[in-house]
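Hi,

Here is the structure I said I'd pass along. Have a look at it first, and then read on for what turned up.

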Amino acid sequence: MTVLVGYVPSPEGEAALRAGVAEARTRGETLLVMNTSRGDAYVDRGFAQQKDLAHVRRDLTEQGVDFDIRQVIGGRDAAEEIVELAGSPEISLVVIGLRPRSAVGKLLLGSSAQRILLDSPCPVLAVKADS
């Protein structure tokens, strides 16, 4: 079985990664770190650059975690990609980071986290970044 972490290079993404590592260890499962980008913006703050992914690889290797990293570019939005992958029989848990948003921000922009929480066919652990 596998714990899926929706990773973005941000405090929220780092919090999700830490929680995902803890869950994978507790469950004795593999960790799958997933980063997605639609590729239609000049700068996508959710897109993990190679240096970000190298940092993740280094940290997970040092921690002795069995992991894989998957980066999807030019596909659907992050919520759709994560929910689809969460439907795979090998995924036991999805871990995502949450960032504070105003009610108006959620109304105007939607919320990937909310869509993942509501649509994922497996359990979702949502974590906040350290303040």
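A quick cut-off before the details: a residue is called buried under 20% relative accessible area, exposed over 50%, and partly exposed in between. By that rule Arg-76, with a relative accessible area of 34%, is partly exposed. Please keep in mind that this is a predicted model.

First, the overall layout. The chain has five helices and five strands, and going along the sequence they come in the pattern β-α-β-α-β-α-β-α-α-β. The chain runs to 131 residues, and 41% of them count as buried. As for contacts, take those in the chain with a separation of 6 or more: 75% are between residues 24 or more positions apart. The accessible surface adds up to about 7,400 Å², and carbon and sulfur atoms account for 52% of that.

Now the charged pairs. As a reminder, side chains of opposite charge can pair when their charged atoms come close. The structure holds six salt bridges, and here are some that I went through.

Which residue does Arg-18 pair with? Its partner is Asp-130, and the closest N and O atoms of the two are 3.3 Å apart. Arg-18 sits in helix 1 (residues 11–27) and Asp-130 in the segment after strand 5 (124–128), so this salt bridge ties together parts that are 112 residues apart in sequence. Arg-18 is partly exposed, at 46% relative accessible area, while Asp-130 is exposed, at 65%.

Back to Arg-76. This residue forms a salt bridge with Glu-81, with 3.5 Å between the closest N and O atoms. Glu-81 is buried, having a relative accessible area of 11%, whereas Arg-76 is partly exposed at 34%. There is a further member here: Arg-76, Glu-81 and Glu-84 are linked in a network of salt bridges.

Then there is Asp-52, which forms a salt bridge with Lys-51; their closest N and O atoms are 3.6 Å apart. Is Asp-52 buried or exposed? With 15% relative accessibility, Asp-52 counts as buried. Lys-51, on the other hand, is exposed, with a relative accessible area of 62%.

If you open just one of these, I'd go for the pair of Arg-18 and Asp-130, which links helix 1 to the segment after strand 5.

Cheers

Definitions and conventions:
Residues are numbered from 1 along each chain as its sequence is written. This is a predicted model: local features need pLDDT of at least 70, side-chain atom pairs count only at pLDDT 80 or more; totals for chains, interfaces and linings use all residues. Side-chain values use heavy atoms; hydrogens and water are left out. Helices (H or I, at least four residues) and strands (E, at least two) are DSSP runs, numbered from the N terminus. Buried means under 20% relative accessible area, exposed over 50%, partly exposed in between (1.4 Å probe, protein chains only). Contact means heavy atoms within 4.5 Å. Accessible areas come from the Shrake-Rupley method with a 1.4 Å probe; for residues, only the protein chains shown count as cover. A salt bridge is a side-chain nitrogen of Lys or Arg within 4 Å of a carboxyl oxygen of Asp or Glu.
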